[in-house]
Amino acid sequence: AIDVTLPGLPLPAGGLHPISRVYDDLIAIYQRMGYEVAEGPEVEDEHYNFEALNIPWYHPARDLQDTFWLEESSTGLNGPSEPGAAPAPSVPRLLRTHTSNMQIRYMIDHEPPLKMVSRGKVYRYEATDATHESMFHQLEGLVVGPNISMSDLKGTIAEMARGLYGPSAKVRFQPSYYPFVEPGADFAVYWDNPRGESKWLELGGCGMVHPNVFKAVDDLREQAGKERVYEGMTGFAFGLGPERIAMLKYKIPDIRYFYANDPRVLGQFRGEL
Ligand code: TYR
């Protein structure tokens, strides 16, 4: 006989990857503050990834971000689009080493005042271990307007920390160096966990947008036939890694678990229908 009163069997459903969950939380926090969300390319011109961000070819900061360059020959990606056509001019291209390329792309397309966040994959040519991967993710933020100050930046990061970890969350800033900001800082949030695992979590870098970046954007806008609108502007930017948040939040001890596609890991994030 069939017992129709037995509970039904749940159907297994897909689930959001832990990195997607953290991104969704972060983006919701910034959308509440009025930020636009932008996306951009992972294969990028050298100019947007480095040059326009005040990192010229001779700058030592290029070594801090070991780069995957694309090998492009006359038969490669920049080759003739059809047999007999002239090859495209070769612009050095790379896998973006950070999402800061989106600061440049967004400012070329938009006029201040603006508030933007951008999520996406970034790539570094480096050995992998429990805390390093050659592909990982970043969230970039950019705010530009006539009177933006460092206190706006600190308030924004504190608001994000409260959104992630509740009203008692604390933020810490330490002086740091990035060529595209002055002054620059690294920030950490205090992760106050009731199970007694509280600690400072180094989350990312930030700072006040360097005037050379605004100038580079205006130059690119001019080349594209657009008005120069960034001279004399002020702004702040930040970049952070969702992997670090997800590793603590979901107790994932090794960053490589995120991308190994092991069902024993990902299955823990599955939903039910
Ligand atoms: N791009 C930096 C990195 O990848 C992070 C960063 C982003 C730092 C924006 C400062 C800033 O204004 O390490």
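**Close-up 1. The largest nonpolar core of this predicted model holds 37 residues.** The residues with the most contacts inside this core are Tyr 30, Leu 139, Met 160, Phe 187, Phe 236, Phe 238 and Leu 240. Quite a few elements chip in: H1, S5, H5, S7, S8, S9 and H7 each bring at least two residues to this core. H1 gives the largest share, with 7 residues. There's also a second, separate core, made of 28 residues, with Met 107, Leu 114, Val 209 and Tyr 230 among them.

**Close-up 2. Phe 238 and the residues it touches.** Setting aside residues up to four places away in sequence, Phe 238 touches Tyr 30, Leu 139 and Phe 187, which are also listed among the residues with the most contacts inside the largest core. Val 117, Ile 157 and Cys 206 are touched by Phe 238 too, and so are Glu 140, Gly 141 and Gly 205.

**Close-up 3. Leu 240, a residue of strand S9.** Leu 240 counts as buried because its relative accessibility is just 2%, under the 20% cut-off. Not counting neighbours within four places in sequence, Leu 240 is in contact with Leu 26, His 137, Gln 138, Leu 139, Met 160, Phe 187, Leu 203, Gly 204 and Ile 245. One of these, Ile 245, is a buried residue of H7. If you're looking for Pro 113, its C-alpha is 22 Å from that of Leu 240, with the two positions 127 residues apart in sequence numbering.

**Close-up 4. Helix H7, residues 242-249, is mostly covered.** Of its 8 residues, 6 are buried: Pro 242, Glu 243, Ile 245, Ala 246, Met 247 and Leu 248. What do the buried residues of H7 pack against? Their partners are helices H1 (18-32) and H5 (150-165), plus strands S5 (135-145), S7 (181-191), S8 (199-209) and S9 (234-240). Just after H7 comes Lys 251, with a positive phi of about 55 degrees.

**Close-up 5. Helix H4 (residues 101-109) crosses helix H6 (residues 211-223).** Their axes come within 9 Å and cross at roughly 50 degrees, which means H4 is oblique to H6. The crossing of H4 past H6 is right-handed. On the H4 side, Ile 104, Met 107 and Ile 108 make the contact, while H6 offers Val 213, Phe 214, Val 217, Leu 220 and Arg 221. Sorted by class, the contact has 7 nonpolar residues, 1 charged residue and no polar ones. Met 107 turns up elsewhere too, as one of the residues of the second core.

Note on methods: Residues numbered from 1 in each chain as written. Predicted model: local features only at pLDDT ≥ 70, side-chain atom pairs only at ≥ 80, totals over all residues. Heavy atoms only, no water. Axes fitted to C-alpha atoms, helices over the stretch in contact; angles between N-to-C directions. Helix = DSSP H or I, 4+ residues; strand = E, 2+ residues; numbered from the N terminus. Parallel < 35°, antiparallel > 145°, perpendicular 65-115°, else oblique. Left-handed = near helix turned anticlockwise from the far one by under 90°. Contact = heavy atoms within 4.5 Å. Nonpolar A, V, L, I, M, F, W, Y, C, P; charged D, E, K, R; others polar. Buried < 20%, exposed > 50% of the residue type's maximum accessible area, 1.4 Å probe, protein only. Core = buried A, V, L, I, M, F, W, Y, C linked by side-chain atoms within 4.5 Å.
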